[in-house]
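Open the model in your viewer and keep the sequence panel beside it. This tour goes stop by stop: what to select, then what is there.

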Amino acid sequence: MKKYLTIREFSQFSGIGETTLRYWDDISLFPPARRDPVSNYRFYTPHQIIAVNFITVLSNLNIPLKVIGQLMKRRTPESIVRIVEQKEKELDMEMRKLRERYSVIHTRLELVRYGQRLLDGCKTFDGVSLINDEEADINSGESDIFLLHRDAKSYILGPPNTYLEDEEFYEPFARFCNGASQLRINLLYPIGGYHEDFDQYMDAPGKPSHFFSLDPTGDRERPDGEYVVAFKRGYYGQMGDLPSRMKSFIEKNSLSVTGPVYVLYLLDEVCVLNPAEYLAQICVKVEKK
């Protein structure tokens, strides 16, 4: 191989673009081996590929060129370990954030798809089957109530809500959102209403005793089992006569309530423009008397 290579030849040899080589020279990161005194052309030597490899390895780790330039002049295993360890911590944080964002997307997508299947009244949607064939006949516009199996779901339960005089749903919800970061509650996950028991739901269906985040890393769990499940279209807290109809269904089928009431909106402001078209799922665990 020739002793000196033109910038074009060295670009082809190293895989680094000519523009990048000129820029590295301009910022004194990687100058050529020599310049022609008359033409000012840059010339490189083959052994400079070693320095190129050093730059590209660290650059691909998103280490700033200024830091790389400092390390080129004086580097030791200890200095490289320090800078790479710092980058490793940053990447760990980025991957943690990406995993959390993926989880949020997956959780919301699951709810929206389920809501669409219910509205469409079909057995599958985009190749995703309904939980069981009973649900193929569910139409959220009807007044039917169902006894269905529900798998376990993890969630994070917020603190007890307090309702001052004349307060409705919104004020406690605002307080919950304002304090969520201190409680490490991620508001990007779907937020639901939690009623301590069925009597509390009957008395105040629009005033949950807690809010909860459908965060799969939560330390609380809605247990696996049989649930009385109903669906309601409309704005937050607008349950109409649904609580009394659920009570009648429970009594008629000789069931006893064994847990809290969960209100979760499958379709909300994230995907629906008209609040009248929001779709809530209300479920409570039961067992035969």
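**Stop 1: the small sheet**

Select Arg-34 and Phe-43: Phe-43, in β3, is the bridge partner of Arg-34. Keep in mind that this is a predicted model. Now widen the selection to β2 and β3 (residues 42-44), which pair in the antiparallel sense over two bridges. Add β1, and you have an open sheet of three strands, ordered β1-β3-β2, with antiparallel pairing. β1 (5-6) and β2 (34-35) stand at the edges with a single partner strand each, so one side of each has no neighbour in the sheet. Strands of a sheet pair through backbone hydrogen bonds, either parallel or antiparallel.

**Stop 2: a positive phi**

Go to Asn-62, in the loop between α3 (49-60) and α4 (65-73). Check its backbone: phi is near 65°, a positive value in a residue other than glycine. Most residues other than glycine have a negative phi. Asn-62 counts as exposed, because its relative accessibility is 56% and the cut-off for exposed is over 50%.

**Stop 3: helix α5**

Select residues 77-120. This is helix α5, with 44 residues. From first C-alpha to last, α5 reaches 62 Å, close to the 64 Å expected at 1.5 Å a residue. Colour its buried residues: Ser-79, Lys-87, Ser-103, Val-104, Thr-107, Leu-111, Tyr-114, Gly-115, Arg-117 and Leu-118.

**Stop 4: three strands in a row of pairings**

Select β6 (residues 145-150) and β11 (residues 225-233). They pair in the antiparallel sense over six bridges. One place to look is Ile-145, whose bridge partner in β11 is Ala-230. Next add β13 (residues 279-288): seven bridges join it to β11, and the two run antiparallel. Here Tyr-227 has Lys-285 of β13 as its bridge partner.

**Stop 5: Tyr-155**

Move to strand β7 (residues 153-157) and pick Tyr-155. Is Tyr-155 buried or exposed? At 2% relative accessibility, Tyr-155 counts as buried. Measure the C-alpha distance to Thr-217: 7.0 Å in space, with the two positions 62 residues apart in sequence numbering. Then show the contacts of Tyr-155, leaving aside neighbours within four places in sequence. They include Tyr-194, Phe-212, Asp-215, Arg-220, Arg-222 and Tyr-262.

**Stop 6: the second largest pocket**

Turn on a pocket surface. The second largest pocket has a volume of about 380 Å³. Of the 23 residues that line it, those closest to its centre are Phe-169, Phe-173, Ile-191, Tyr-236 and Tyr-265. α6 (170-179), β8 (191-195) and β12 (255-267) each supply at least two residues of the lining. Which of the strands gives the most to the lining of this pocket? β8 does, with four residues. Colour the lining by class: 15 nonpolar, five polar and three charged residues.

**Stop 7: His-195**

Stay on β8 and select His-195. At 1% relative accessibility, His-195 counts as buried. Beyond neighbours within four places in sequence, its contacts include Gln-200, Tyr-201, Lys-207, Ser-209, Pro-260 and Val-263.

**Stop 8: a second positive phi**

Finish at Arg-184, in the loop between α6 and β8. Its phi is positive, about 60°, although Arg-184 is not a glycine. With a relative accessible area of 75%, Arg-184 is exposed.

How values were computed: Residues numbered from 1 in each chain as written. Predicted model: local features only at pLDDT ≥ 70, side-chain atom pairs only at ≥ 80, totals over all residues. Heavy atoms only, no water. Expected span 1.5 Å × (residues − 1). Buried < 20%, exposed > 50% of the residue type's maximum accessible area, 1.4 Å probe, protein only. 1 Å grid on protein atoms, 1.4 Å probe; cavity = no way out; pocket = protein on both sides within 12 Å on 5 of 7 lines; lining within 4 Å. Points joined across faces, edges and corners; volume = space filled by probe spheres on them. Nonpolar A, V, L, I, M, F, W, Y, C, P; charged D, E, K, R; others polar. Pairing = 2+ DSSP bridges. Contact = heavy atoms within 4.5 Å.
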